[in-house]
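The exercises below are to be worked with the sequence and the coordinates open. Each gives a task and then a solution in steps.

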Amino acid sequence: AQIVLLIILLGAIVNYFMGTFLTVEEKEPKGFFGYNSAIFLENLGPDFREEESFFSVFAIFFPAATGILAGANISGDLTDPQSAIPKGTLLAIVITGITYIAVALSTGACIVRDATGDLNDTVTDTVNCTDAACTLGYDFSICKEGGCQYGLINDFQVMSLVSGFGPLISAGIFSATLSSALASLVSAPKVFQALCKDNIYPGLGMFAKGYGKNNEPLRGYVLTFCIGLAFILIAELNIIAPIISNFFLASYALINFSVFHASLANSPGWRPSFKYYNKWVSLAGAVLCVVVMFVINWWAALVTLLIVLALYIYVSYKKPDVNWGSSTQALMFNQALTHSINLTGVEDHVKNFRPQCLVMTGYPTSRPALAHLVHSFTKNVGLMVCGHIRTVTRRPNFKELAQDHARCQRWLHKKHIKAFYTPVFSDNLRHGTQVLLQATGLGRLRPNTLVLGFKTNWSDGHMRDVDIYINTIHDAFDLQFGVVILRLQDGLDISHIPGQDDSSLEKPAGTVAKEMPVTVSVAKDSDSDSCPSKTTSLQNSPMISRDIKSPLSLRDQRLLDTSQQFRKKQGKGTIDVWWLFDDGGLTLLIPYLLTNKKKWGDCRIRVFIGGKINRIDHDRRAMATLLSRFRIDFSDINVLGDINTKPKKHNKLSFKELIEPYRLKEDDMEQAEAEHLKALEPWRISDNELELYRAKTNRQIRLNELLKEHSSSAKLIVMSLPLARKGTISSALYMCWLETLSRDLPPVLLVRGNHQSVLTFYS
């Protein structure tokens, strides 16, 4: 169809230019005199009438130059679009530009602006006129009063008058119109179909469907036809043209700016092949398009820009699950890289301290409570990395690793947890954590706090795992990390509960789980941070949802409910801070950050400190002054004057029963035998050690009594983590302290900073 229309159009153009040389006397009263220098000079300057201006006329003319995207819009149908589009577009601009200028110059040299069409309006001796028509024997001065139908200003069909065969010009007009209409009718629905396939805007999915071998967007064709028909029914070209010009200019402005933005992002994937390309020309083109939009019609331009802005904001807010490899992504990467490098040259300052947490969640779905709580105080404040130590007999291939990583990151994104997922392979928890502590992060964006889940059922497993767990804590302190341990009485790990990954790590659409043996890490202990390897089928993997759901046991149901408690708004209550040691202030900073978040906003901070009975009021005033200088709001300060009182006898007996299986009992054996056993099992508690640290043991028991007395109804207890000197206190004794301290309580967060100040008196 385009070829036939092109032939008709070329015939009409040739017919017009031939007609300019064929002067006919009967056409002279209508303003056509053939080529004449007087007419050309008279028409050379502007003569806008009826409130018209250059830009109002430009708006009507502009749609004639809007076919430059025709090639780009049908790029999928071209054999070599990279070569064809620039050549075709530039040739089209050159050819049409020359044609338009030639037509404008020829009409300006042949036809006067006003003519009556009356043969009797000739020049007489009584008439005094000086315009070009007078020199050619006609007096059209009456046209100054208005009402004339001929001439360049008045006759829209003046080219038919000039041409050798008038009807051919009408055919050419139809040909040009149909050619542009067909180009838009074919190209616009295809672009719209691609937009609908990405499912960016709601309600447009029906137009994504294609038909036939070439996936033709028939529904898009119908929609485009209806829109075109609606504008045709306006039946006034001078009204339609500025509207079309406005939207075309907006489109070109966005294209120019997109090209400039792609260059600004400096992405290696952006490699324009056009030899004379320059990004500043693109920017100038974008600015020029916007300026012209406002000059043509400021209110229409404003409405157009508001529509474009609304569409952009909607897409930015909805974040559709599509990947275009956009220049925005490239620019974000560039900026992130630049800022990260710039940060490395800045020394740390206490005012800029923020908790940046390495959270040992394993798969994020395994310990959601841990992930949600840490995110509550790191969101928009600090870095959060979900670390996963994978201890497997056979390492998965790269494809499996990439799928696991993508699923975990997708789960974090879906739960609105701003964090990174970082897995490593290692022999045990300690070695893997050492790797993460030393290698995780980039420049200043590195973790400074290790967050662990409490090893709830540590007494059921091998004590070697406890030794690894405690040594992991020591390693964090050695590397100048703060340590945070979360304990929930029901536990943290829900990976053994079937069907808990359904909303989390969804498989891409169309994939089906196959029964094939793979090796994945599954926690042996319900709350252990170590992940012993275990061979299982894919459906038993903690990464894959299971469709068959059996009734849960009461314990599992309670564990499941507990795992979601930090997702909900906490309501009115207290966060009890037991600040027993000066660790730099991390124990105070975390509760403060929590209460700044919406979920914890209704909770108030209560501070508990140790003291002497005869100095309670003094210590309370001193602490109130200190907290005020730190600008930390609190509802109450409790000074515990009886903190050093001996614990109750039955609690001491309970502790004795707890440590009994782990004692060395060297008095019951030879010294050599005792030393040999201690060397084989260094976690065992010697009688000498037990006696040496009896006071510290009693303190943990007493603290648990006080916690039950004062904080049994708290939403969260944040407490200083007791330290154990590395190499002098056995792992079993330290674990028994932690167990005794945090037993039978609401959620407990044991916190210990690295003794570097994180709070300041100054803003």
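**Exercise 1. Positive phi**

Locate A235 in the chain, state whether it is buried or exposed, and give its phi. Do likewise for Q480.

Solution. The model is a predicted one.
- Step 1: A235 falls in the loop between α9 and α10 (237-265).
- Step 2: its relative accessible area is 63%, and the cut-off for exposed is over 50%, so A235 is exposed.
- Step 3: phi of A235 is near 60°, a positive value in a residue other than glycine.
- Step 4: Q480 is placed in the loop between α17 (463-478) and β5.
- Step 5: Q480 has 43% relative accessibility and therefore counts as partly exposed.
- Step 6: phi of Q480 is positive too, at about 65°, and Q480 is not a glycine.

**Exercise 2. Aromatic pairs**

Classify the geometry of the ring pairs Y16 with F17 and F192 with F207.

Solution.
- Step 1: the structure has 21 aromatic pairs.
- Step 2: in the pair Y16 and F17 the ring centres are 5.1 Å apart and the planes stand at 65°, so the pair is edge-to-face; the cut-off for that class is over 60 degrees.
- Step 3: Y16 is buried at 1% relative accessibility, whereas F17 is partly exposed at 25%.
- Step 4: F192 and F207 have ring centres 5.5 Å apart and planes at 55°, so this pair is tilted.
- Step 5: the pair links distant parts of the chain, with F192 in helix α8 (residues 166-197) and F207 in the loop between α8 and α9 (218-232), 15 residues apart.
- Step 6: F192 is partly exposed at 22% relative accessibility, and F207 is buried at 13%.

Which residues form one aromatic cluster with F54? The cluster consists of F54, F55, F58, F62, F248 and Y252. Which residue lies over the face of Y211? K209 does, at 5.2 Å from the ring centre.

**Exercise 3. Surroundings of two residues**

Describe where L152 and Q438 lie and what they touch.

Solution.
- Step 1: L152 is in the loop between α6 (132-135) and α7 (158-162), and is partly exposed at 27% relative accessible area.
- Step 2: with neighbours within four places in sequence left aside, L152 contacts N43, T107, G108, I111, V112, R113 and V158.
- Step 3: 42 residues along the chain separate L152 from C110, and their C-alpha atoms are 9.8 Å apart.
- Step 4: Q438 belongs to helix α16 (residues 429-439) and is exposed at 53% relative accessibility.
- Step 5: not counting residues up to four places away in sequence, Q438 touches R446 and L479.
- Step 6: the C-alpha atoms of Q438 and L6 are separated by 70 Å, with these positions 432 residues apart along the chain.

**Exercise 4. The sheet and its helices**

Give the strand order of the open sheet of 10 strands, find its edges, and identify helices that pack on the sheet.

Solution.
- Step 1: the order is β3-β2-β1-β4-β5-β12-β11-β8-β9-β10, and the pairing is mixed.
- Step 2: β3 (420-425) and β10 (636-640) each have a single partner strand, so they stand at the edges and one side of each has no neighbour in the sheet.
- Step 3: neighbouring strands of this sheet are turned by 20° against each other on average, direction ignored.
- Step 4: β8 (residues 573-578) and β11 (residues 716-720) pair in the parallel sense over four bridges; I575 has L716 in β11 as its bridge partner.
- Step 5: helix α14 (residues 368-378) packs on the sheet and touches β1 (357-360), β2 (384-390), β4 (449-453), β5 (482-487), β11 and β12 (748-752). The direction of α14 makes about 170° with that of β1.
- Step 6: helix α25 (residues 731-742) also packs on the sheet, touching β5, β11 and β12, and its direction makes about 55° with that of β5.

**Exercise 5. Nonpolar cores**

Which residues touch the most other members of the largest nonpolar core?

Solution.
- Step 1: in soluble globular proteins, nonpolar side chains tend to be buried together.
- Step 2: the largest nonpolar core has 58 residues, and I485, W578 and M719 touch the most other members.
- Step 3: beyond residues up to four places away in sequence, M719 touches W578, L580, T587, L703, L707, L741, L749, L750 and V751.
- Step 4: a second, separate core has 50 residues, including C386, W411, I637 and V718.

Note on methods:
Residues are numbered from 1 along each chain as its sequence is written. This is a predicted model: local features need pLDDT of at least 70, side-chain atom pairs count only at pLDDT 80 or more; totals for chains, interfaces and linings use all residues. Side-chain values use heavy atoms; hydrogens and water are left out. Rings of Phe, Tyr and Trp (its six-membered ring) pair if their centres lie within 6.5 Å; planes under 30 degrees apart count as stacked, over 60 as edge-to-face and the rest as tilted. Buried means under 20% relative accessible area, exposed over 50%, partly exposed in between (1.4 Å probe, protein chains only). Helices (H or I, at least four residues) and strands (E, at least two) are DSSP runs, numbered from the N terminus. A charge sits over a ring if NZ of Lys or CZ of Arg is within 6 Å of the ring centre and within 35 degrees of the ring normal. Contact means heavy atoms within 4.5 Å. Two strands pair if DSSP finds at least two bridges between them. Axes are lines fitted to C-alpha atoms, for helices over the stretch in contact, and angles run from 0 to 180 degrees between N-to-C directions. A nonpolar core is a set of buried Ala, Val, Leu, Ile, Met, Phe, Trp, Tyr and Cys residues joined through side-chain atoms within 4.5 Å.
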